[in-house]
Amino acid sequence: MKNIELLAPAGDQESLIAAVQNGANAIYLGGTLFNARAFAKNFDHEQMKWAVEYAHLHHVKIYVTVNTLYKDEEFEQLFSYIQDLYDLQVDALIIQDIGLFDIVRQCFPDFDVHMSTQSTIMNPYAAHYFEQLGATRIVLARENTIEEIRDICQSTSLEVEVFVHGAMCVCYSGQCLMSSMIGKRSGNRGACAQPCRLQYRLEKDGQLLENKIPYLLSPKDMMTIEHVGLLIEAGVTSFKIEGRMKRPEYVASVVKAYRHAIDSYLAKKKVDLKEDIAYMKAMFNRNYTSGYMNHDTYLLDGDYSGNKGIVIGEVVYYDRSHKRVSVLLQQDLYQGDSIVFEKIDKGRPVNKIYLNKKLVNQGKKGDTVEIEFDFPVSKGLVRKTIDKQVIEKMQKTYDKEYRQSAIKMSFYAHIGQNAQLTVEQGDYQITVKSPSLVEKALKTPLDEQRIKKQLSKLGQTPFYVQTMTIDIDDQIIMPIKELNELRREAVLLLSEQLSHQQIHQKHMPSLPQLPIQEAKKTTQIYVQVSTLEQLEWACQYPDFLIVYPYQSNLEKANHICQTYQKELILATPRVCKKQEIDEIKTIIKQQNIKTILVNDYGAYDAFKDYSRIVGTGLNVYNSYACHHYQLPTIVSLEMSLKNINQMQADLSKCIVQVYGKVENMISDYCPISQYYFGYQKKQCQICKQGKFALVDRKNEHFDIVCDEQCRMHLLNCRTLYLEQLDKLKAGGLFIHITNEDEQTTKFVFDEMISFIKYGNKPQIKEKIKTTSGYFKD
């Protein structure tokens, strides 16, 4: 069985110490530049240096997140940053951008690369692809089931990492454009505003439904602590905890709990995890789900998107004259705790507690206490969101050096010679000598027991003595001060060696320069449609290259294309599990389809023997990423017109989506099913009973389209449209028709052809609610 790694988050130095002291094997963290948690505290250069040294001293690895997408003009600074991390002896990089991946593999060949969950890796084909490219590890999508995880682990020699605890994204990571499209805060660029945690109303056929689930896109937190054995047996290498934005005590509680669970399983011991779970829940929770991994269908409560804490009581009455709320306690409450009143979603720190009109510092279970509160609240549950007692307990798990590793000591002392102490750990060995010679004792000699006692006093060091060898003459004497100094010096030098391990070979590469390529202005118009009716209309335009998504009516779609003497280009989903890829492989052989528009790394690898077009699911954001594929490529929907035109790539192969409702989210979670059933009921068919949308607090409407795999596609409230086509240097134009009706579809086709071929100004903005997206940036 592989070694099992417990991988913990660290947003600051205290969190890192908390993780290490509670048993983490590795830490992932971000620098102040280029990572997917731009709003965490993160680590500057000196803090990063300290982090590596502290972690390596404790035999813990450091992985640095550079897991966002990068513009061409950022690569010089990015390369310098990677060089710094390399020189600091960071153990691995966590990467999303395939352009950066190529540079690291080329210029830093002994730098381990972990492909981020932002890469949306979810099938064995994607694992095979990155194994061939030279990655060290893949981080799987949270949506993979235990069966799929096992299948992927068995198919690859790569290390496999999975998220086991913490916040869940409702959308597949790396495929979410919600924050980006509505607020220009890109999750792919590390600036997600978490719009999924806001309130939405469900609309059916233009009518708002009862607001019985206010937070329709806000999942529970993931907790798999009771299923670690399943993941270990499946072949998972690394257990990843989410939480770089969380406080140190949270990190301590979760790491401590999962360390306990993993070690107990490996030791074949059954343990009670109730206390561990209680501490984790006290620190932060949105209620727990075991997630897609364990086929949990209760992924969301929908009543609240923040920390739910623990129910500790119920409101009895509100005293308006004194502005105090009376609470019947079901759990103990202490000064310094924080509470929330569920009914009004307001809370406060508990500064004063009154029991029988007297000030007390705590209330016990069964007491009816009063708490000062300015807002009237007459009923409802009371939740404790900050537990002072648990915080103090967690702080005590890392307030000093608890994590010690074994060393061997050998002490040599003979009369007339310098005493000598050797300490060893693994391949590291330190020998120090006393400044003065060992003398013969005239009275009380220094015996072996006293020597062992002094040398074993390792106190607040990261070591303990496993074995000690003593080789001394009889009747020796030396100052105890010198003996202590030998111990201190040897331990200090060993610590220095461990802290400054050289895991990389230093060299000074330069950023590879891509060849400048002249733009070959050609115009090809790709049109992706979603229904057979739309396909019929599109086929009637001779200039269109037809793209059709993989779905059950593909055979009919291909027949329509053949009728019009058109080639059908098959588009794979942005989310593609192994079974879907295998099904597609079968049907394209039967239908003699030659060209595949691929939207994930698995499909890219699986269809390498076909003509391929790279889709937006692969997030091509810069020239280096374009160079990786050297194929017709639809560039990222988050690129500006300027960035596209200045790419050092063959722009004739670059395709730009110039019209279409952007898929802000693609998810295995369905808000329609959640609303009607209170859980995820697959193939419920409710989506076919009307036209559904989510409506936000600004009354913007986001249409919901559900596919045949019961995945939810949430479309943007405005249609992406590039009005300045004449200024675009790319050779390919992409028009994406989703749920437009016949009239709108024909109107868009006519207007776009008139504009592209004849230069007539289109009227699209006058009739359709549009956005220019990032084009004007």
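**Strand pairing and local environments in the predicted model**

Asp-151 lies in helix H6, which spans residues 146-155. The structure described here is a predicted model. The side of Asp-151 is partly open to solvent: the residue is classed as partly exposed because its relative accessible area is 30%, a value between the 20% limit for buried and the 50% limit for exposed residues. Apart from residues up to four places away in sequence, Asp-151 touches Pro-124 and Lys-578. The C-alpha atoms of Asp-151 and Pro-124 are 7.2 Å apart, although 27 residues separate the two in sequence.Thr-120 occupies the loop between strand S5 (112-115) and helix H5 (124-133). Thr-120 has a relative accessible area of 2% and is therefore buried, the cut-off being under 20%. When neighbours within four places in sequence are set aside, the contacts of Thr-120 are Tyr-172, Ser-173, Gly-174 and Gln-175.

Across the protein, 22 helices and 42 strands are assigned. The radius of gyration is 31 Å, which agrees with the value near 28 Å for a compact globule of 777 residues. Along the principal axes, the C-alpha atoms fill a box of roughly 110 × 75 × 45 Å. Of the 777 residues, 59% are buried. Among contacts between residues at least 6 apart in sequence, 68% join residues at least 24 apart. The exposed surface amounts to about 33,000 Å², and carbon and sulfur atoms supply 47% of this area. The protein carries 94 positive and 95 negative charges, and the mean positions of the two sets are 5 Å apart.

Strand S13 (residues 310-319) pairs with two strands, S14 and S22. With strand S14 (residues 324-329), the pairing is antiparallel and comprises six bridges; within this pair, Tyr-318 stands opposite Val-325. S13 and S14 form a hairpin with four residues between the strands, where Lys-323 adopts a positive phi near 55 degrees. With strand S22 (residues 381-386), S13 is also antiparallel, and four bridges join the two. Gly-313 has Val-382 as its bridge partner in S22.

A parallel pairing is found between strand S30 (residues 544-549) and S31, with four bridges. Pro-549 is placed opposite Ala-571 of S31. Strand S31 (residues 568-571) is covered on both faces. Leu-568 and Leu-570 are buried on one side, and Ile-569 and Ala-571 are buried on the other.

An open sheet is formed by six strands with antiparallel pairing, in the order S9-S8-S37-S38-S39-S36. Strand S9 (207-208) and strand S36 (663-667) each have a single partner strand and stand at the edges, so one side of each is left without a neighbour in the sheet. Within this order, strand S38 (residues 701-706) and strand S39 (residues 712-715) are joined by three bridges and run antiparallel. In this pair, Cys-706 stands opposite Met-712 of S39.

Conventions
Residues are numbered from 1 along each chain as its sequence is written. This is a predicted model: local features need pLDDT of at least 70, side-chain atom pairs count only at pLDDT 80 or more; totals for chains, interfaces and linings use all residues. Side-chain values use heavy atoms; hydrogens and water are left out. The radius of gyration is taken over C-alpha atoms; the globule rule is 2.2 Å times the number of residues to the power 0.38. Buried means under 20% relative accessible area, exposed over 50%, partly exposed in between (1.4 Å probe, protein chains only). Contact means heavy atoms within 4.5 Å. Accessible areas come from the Shrake-Rupley method with a 1.4 Å probe; for residues, only the protein chains shown count as cover. Lys and Arg count as positive and Asp and Glu as negative; His and the chain ends are not counted. The place of a charge is taken as NZ of Lys, CZ of Arg, CG of Asp or CD of Glu. Two strands pair if DSSP finds at least two bridges between them.
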